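Me: Please take a close look at one part of this protein for me. I would like to know how its disulfides and aromatic rings are arranged.

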Amino acid sequence: MGLRPNLLTRRTAGVASTTLALLLSTAAVGVVPAASAFSAAPTEACAEPADVHSDARVKAGAHAKHEPNELTAKETREREADLAAALRERANFRAGAGAAALAAVTIPVVVHVIQEDGTRAGGNIPDSMINSQISVLNEAYSGGTGGAATAFSFQLQKINRVTNPAWFPIVQGSSAERSMKTSLREGGKNTLNIYLGELSDDLLGWATFPKRRLDSMDGVVVLTESLPGGTATNYNQGDTGTHEVGHWLNLYHTFQGGCRASGDGVSDTPAEAEPAYQCPTGRDTCTATGLDPITNFMDYTYDTCMYQFTAGQAERMLTAWNAYRAA
Ligand SMILES: [Zn+2]
């Protein structure tokens, strides 16, 4: 999990121009950039059901830009109502605090490597980075990095390499993203599909929340170079993958709802007014008990700073699994 200092400098020099070039090339081929698709502010614009909403993790420094997919209060209310309805539909649901101890869930994983060409800059990373990412997921979700153990482990089924410049970068919310996922998604509702590529708008990743009726958009999109050993400085230990899979398992951000009581729907993550970036010390943005949970995987801090889920998050994920993704 250590940083690779020899890889840290290349990205710093290249990231701004690379991103600009990607945005320009996107515009040139007529694909709607994600920024314009979501620029109508999420506060009132999101009439669509919350279960089709996705999430985006952003890098520090990119947050002045509009963050497209943090949920509104209305969307979280809709999602919570949907979860309750899904649970009522599931006869095999076991409620209560003991639920986490009852289940061990192995999630099959299909990784799609979207490449522009055969070069590393074109997305061609070695299999070893993907295997390391799976290890990072297993460490994080077993509590091996210092947090609560969850029910989940991950088993790589397949690496699917796809060279298609029309899907590189992956532009959030675009028709190209839809056609990519429609073409490539594999497995049932319990199968985690991870799409790796260069991403639009300097994003690190985004994910879909679970929904009652599986559709082809279901899955997680992650910046290729955020995998362990990648070139995304401060975000190259694989925790973007951990974060996005958290959403796929129905976790909100720790700052969801700000200081309001409902917050992220988990009682043991102290309320937090806004995202934390980098690795602030002793931050406390709400009057409620507890410092901001900046070390939680569901915040926006550096990979070196985030290392835990809570017991409440583990329980919330398992509840959602039983509601949405269990066989
Ligand atoms: Zn997120």
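Reply: What follows is a walk through the loop between α8 and α9, with a short look at its surroundings.

The model is predicted. The protein has 327 residues, and 54% of them count as buried. It holds 9 helices and 6 strands.

Start with helix α8, which spans residues 239–248. This helix is mostly covered: 10 of its 10 residues are buried. Among them are Asp239, His243, Glu244, His247 and Trp248. After α8 comes Asn250, whose phi is positive, near 85°.

Now the disulfides. The structure holds 2 of them. One joins Cys259 to Cys286, with the sulfur atoms 2.0 Å apart. The torsion about this S-S bond is about -85°, so the disulfide is left-handed. Cys259 and Cys286 both lie in the loop between α8 and α9, so the pair ties together parts that are 27 residues apart in sequence. How covered are the two ends? Buried means under 20% relative accessible area. Cys286 is at 6%, so this cysteine counts as buried. Cys259 has a relative accessible area of 41% and is partly exposed.

The other disulfide joins Cys279 to Cys305. Here the sulfur atoms are 2.1 Å apart. The torsion about the S-S bond of Cys279 and Cys305 is about 75°, so this disulfide is right-handed. Cys279 and Cys305 also lie in the loop between α8 and α9, so they tie together parts 26 residues apart in sequence. Cys279 is partly exposed, with a relative accessible area of 41%. Cys305 is at 2% and counts as buried.

How do the bonded cysteines pair when numbered in sequence order? The pairing is 1-3, 2-4. In residue names, Cys259 bonds with Cys286, and Cys279 bonds with Cys305.

Next, the aromatic rings. The structure holds 9 aromatic pairs. In one of them, Phe255 and Tyr300 have their ring centres 5.0 Å apart. Their planes stand at 70°, so the pair is edge-to-face. The cut-off for that label is over 60 degrees. Phe255 and Tyr300 both lie in the loop between α8 and α9, so the pair ties together parts 45 residues apart in sequence. Phe255 is buried, with a relative accessible area of 7%. Tyr300 is at 0% and counts as buried.

Phe297 and Phe309 make another pair, with ring centres 4.8 Å apart. Their planes are at 50°, so this pair is tilted. Phe297 and Phe309 lie in the loop between α8 and α9, so they tie together parts 12 residues apart in sequence. Both are buried.

Phe297 and Phe309 also belong to an aromatic cluster with Tyr141 and Phe154. Where do those other two rings sit? Helix α6 covers residues 127–141, with Tyr141 at its end. Strand β3 covers residues 152–163, and Phe154 falls within that range.

That leads to the strands. β2, residues 105–115, runs parallel to β3, and 11 bridges join the two. Ile114 stands opposite Val162 in β3. The chain crosses from β2 through α6 to β3, and this β-α-β crossover is right-handed.

One last view takes in the whole protein. Among contacts between residues at least 6 apart in sequence, 73% join residues at least 24 apart. The accessible surface comes to about 13,300 Å², and 55% of that belongs to carbon and sulfur atoms.

Technical notes. Residues numbered from 1 in each chain as written. Predicted model: local features only at pLDDT ≥ 70, side-chain atom pairs only at ≥ 80, totals over all residues. Heavy atoms only, no water. Disulfide = S-S within 2.5 Å. Helix = DSSP H or I, 4+ residues; strand = E, 2+ residues; numbered from the N terminus. Buried < 20%, exposed > 50% of the residue type's maximum accessible area, 1.4 Å probe, protein only. Contact = heavy atoms within 4.5 Å. Areas by Shrake-Rupley, 256 points an atom, 1.4 Å probe, with all protein chains shown as cover. Pairing = 2+ DSSP bridges. Right-handed = clockwise from strand over helix to strand, strands pointing away. Phe/Tyr/Trp six-rings, centres within 6.5 Å; stacked < 30°, edge-to-face > 60°.
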